[in-house]
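Here are my notes on the model you sent, set out as numbered points. They take the contact between the chains before the fold.

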Amino acid sequence: MEAQLRDAVRELCSRYPNDYWQRVDRTRSYPDAFVAELTEAGYLACLIPEEYGGSGLGIREACIILEEINRSGGNAAACHAQMYTMGTLLRYGSDDQKARYLPGIADGTLRLQAFAVTEPDAGSDTTAISTFAHRQGDKYVVSGKKIFISRVQHSDLMILLARTTPLEEVEKKTKGMSVFVVDLRDVPENRMEVRPIEAMINHETNELFLDELEIPVENRIGEEGEGFRYILGGMNAERILLASESVGDGLYFTDRAKQYAGERVVFGRPIGANQGVQFPIAKAYVGIRGAAAMRDEAVRRYDRGEACGAEANMAKLLAAEAAWDAANVAMDAFGGYGFAEEYGIERKFREARLYMVAPISNNMVLSYIGQHVLGMPRSF
Amino acid sequence: MEILVCVKRVPDTETRIRIGDGGRSIDPSGVKYVLSPYDEFAVEAALRTKEGLGEGEVTVTTFGDDASQETLRSALAMGANRAVLLEGAATMDGLTTAKVLATEIEEMDPPLVLLGMKAADADQQQVGPMLATLLGRPCATAVAEFEVADGKVVCRREVEGGTEVLELDLPAVITVTKGAYEPRYASLKGIMAAKRKPLEKKPVDVPESALVVEALEPPPEKAAGRIVGEGPDAVAELVRLLREEARVL
Ligand SMILES: Cc1cc2nc3c(=O)[nH]c(=O)nc-3n(C[C@H](O)[C@H](O)[C@H](O)COP(=O)(O)OP(=O)(O)OC[C@H]3O[C@@H](n4cnc5c(N)ncnc54)[C@H](O)[C@@H]3O)c2cc1C
């Protein structure tokens, strides 16, 4: 099954070669055709249980899919969130909410791939968010600012984290936040402004200005005040999946660098015969395999329902760093051609860099390991 | 209409082949196996025929060991309805394979039997015609496109410099080449559905073979190439070398 799945994803991706992604990148457009085909073939619904129209597969298979997309030179970030954002709904939503949304998410008619947490005045300190949802009868009225919220313009639904009790009034700062499903199709224009951020990569990401946006109470997921816990509940899966994208990126770079270094002849021999070129590629590969092994350990624990926070976070950090090392190695191996768009390396170089920062910066991973795994003094 | 497609598990064309077993067979270790690409055309042709007719079933079968189940699952993932594994030790003898298939097919009696024009490993192009002979059915080989109507199948073949059109009475045996049948790839939905489709395993008696493989030899190592120059300037030198060194002009 795993080999077959890997082959099938590879085959699909092979129809979207570098020039496709290059064109999409240059025009800062959405890879509609690729995403439509991926959706149609069922890949983005792999984690949704069969009773709701998905394939009910585990995280292992989802990792294969995302890894192969990025290894092919594609960019899974355009649609990866459609795979796992629904996890919050699946784990903590009511039966009614699941029945309402999951079948549409599974067949792709409902796009839930926007997830609004980050705020300009809170940054990595999520509990400091100030977007506030006031309960008024059978609805909440929400105002605040969000930043770097991706794929909003390519989503029908958005998961939103907002405070429902002011920070000053809660006994623990992780309390008093709630999670909502925002139906973006119903939002009146003057209640939510979406301001696109021009970025280094082709990643539809936005600033959101919420001004008394009304959300029906039935769109709150789980209990009021418990939202932060729900968000954390999906973090391990996200770390593991995005680590897989980085592993895919890393392998893309070593695949390409190895091939190019074998073909490019300078001083009468392939540049890859020089240890100054060969060893960095080999070292980058070792790093990627090491990160993949940690990712696999996280997957095993996740699948067995064991605690995997440490492994998931370490896999994310190792994979993001390994991919970034490999990106630089590939740039070196390609020399000047690494800068030429048609080779694809510079685009992937930019794209691979994201995972050092998002969805959580590697420093935050280290503080988690230091404070929660090693038990060292807290810095915040 | 019932369509039976006979398929084979072969090494992936991108796999590096090593010779093992005293030079008589390939070393299977580290080899990635796939559904033979010509058989993919045949499966595609069967699925399109079924879809065109709006009825019927596509069964895939293979003669091989337990590992061939994987190959059958690939065909099921493409959309075939059921699979039968004729379990036994396959050989390089096309006649043995044809006999095993013929025994099974006589029992099932499907009006249309499809095969790839050849297996991508041994390239022998034997099994289709031999099977047709054993069954006493008409056979068209290397068919680029066909259509079934009124108990007949009309086949188009690409021949040197033109096209040949054949009409065969059903039941018939057809071997398929790429032609119109660019294979669909398996989707995740297809792979998931394939897990639930019936795959029957039938041990078979393998008839005695009168053919042994004496030796397999890899192609000779290619000598390193040489760049004789660039652009139009290189032409004169290339012609000189082809004439004087390679002596091919
Ligand atoms: C392309 C893109 C897409 C994104 N998509 C989304 C999205 O869809 N939804 C969403 O909610 N968010 C999204 N984000 C936001 C992302 O999660 C944040 O950028 C990230 O969590 C870091 O927050 P920040 O940018 O505010 O950095 P800051 O918190 O300002 O941090 C800046 C730097 O300081 C370091 N730092 C801060 N505090 C400490 C400390 N105590 N100790 C050590 N180091 C520290 C950080 O590690 C970082 O290196 C996206 C970001 C990008 C770039």
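1. A:Glu50 and B:Arg196 form a salt bridge, with 2.9 Å between their closest N and O atoms. Please keep in mind that this is a predicted model, and that side-chain atom pairs count only at pLDDT 80 or more. In total, 2 salt bridges are found across the interface of chain B and chain A. Polar contacts link 6 residue pairs across this interface, both residues of a pair being at pLDDT 80 or more.

2. Two helices of chain B, α2 (69-78) and α5 (188-196), each supply at least two residues of the side that touches chain A. The most comes from α5(B), with 6 residues. Sorted by class, this side of chain B has 6 nonpolar, 2 polar and 5 charged residues.

3. Chain A brings 19 residues to the contact and chain B brings 13 residues. About 1,300 Å² is buried between the two chains, and carbon and sulfur atoms give 58% of that area. Which three residues supply more than any others of the area that chain B buries against chain A? They are B:Tyr185, B:Leu188 and B:Ile191, which together supply 52% of it.

4. Turning to the fold of chain B, 9 strands form an open sheet with mixed pairing. The order across the sheet is β11-β10-β9-β12-β8-β1-β6-β7-β13. At the edges stand β11 (162-169) and β13 (199-203) of chain B; each has a single partner strand, so one side of each lacks a neighbour in the sheet. On average, neighbouring strands are turned by 30° against each other, direction ignored.

5. At the β11 edge, β11(B) pairs with β10 (residues 152-159) of chain B in the antiparallel sense, over 8 bridges. As a landmark for checking the register on screen, B:Arg156 stands opposite B:Val165 in β11(B).

6. Two helices should be viewed together with the sheet. Helix α3 (residues 94-108) of chain B lies across five named strands: β1 (2-6), β6 (57-64), β7 (82-87), β8 (112-116) and β13 of chain B. The helix α3(B) runs at about 135° to β7(B). Helix α4 (residues 127-135) of chain B also packs on the sheet, where it touches β1, β8, β9 (139-149) and β12 (172-176) of chain B. The direction of α4(B) makes about 180° with that of β12(B).

Terms used: Residues are numbered from 1 along each chain as its sequence is written. Chains are lettered from A and ligands numbered from 1 in the order in which they are written. This is a predicted model: local features need pLDDT of at least 70, side-chain atom pairs count only at pLDDT 80 or more; totals for chains, interfaces and linings use all residues. Side-chain values use heavy atoms; hydrogens and water are left out. Two strands pair if DSSP finds at least two bridges between them. Helices (H or I, at least four residues) and strands (E, at least two) are DSSP runs, numbered from the N terminus. Axes are lines fitted to C-alpha atoms, for helices over the stretch in contact, and angles run from 0 to 180 degrees between N-to-C directions. Contact means heavy atoms within 4.5 Å. Buried area is the accessible area (1.4 Å probe) that two parts lose on being put together, summed over both. A salt bridge is a side-chain nitrogen of Lys or Arg within 4 Å of a carboxyl oxygen of Asp or Glu. A polar contact is a pair of N or O atoms within 3.5 Å; within protein, one must be able to donate a hydrogen and the other to accept it, and residues adjacent in sequence count only if both atoms are side-chain atoms. Ala, Val, Leu, Ile, Met, Phe, Trp, Tyr, Cys and Pro count as nonpolar, Asp, Glu, Lys and Arg as charged, and the others, Gly among them, as polar.
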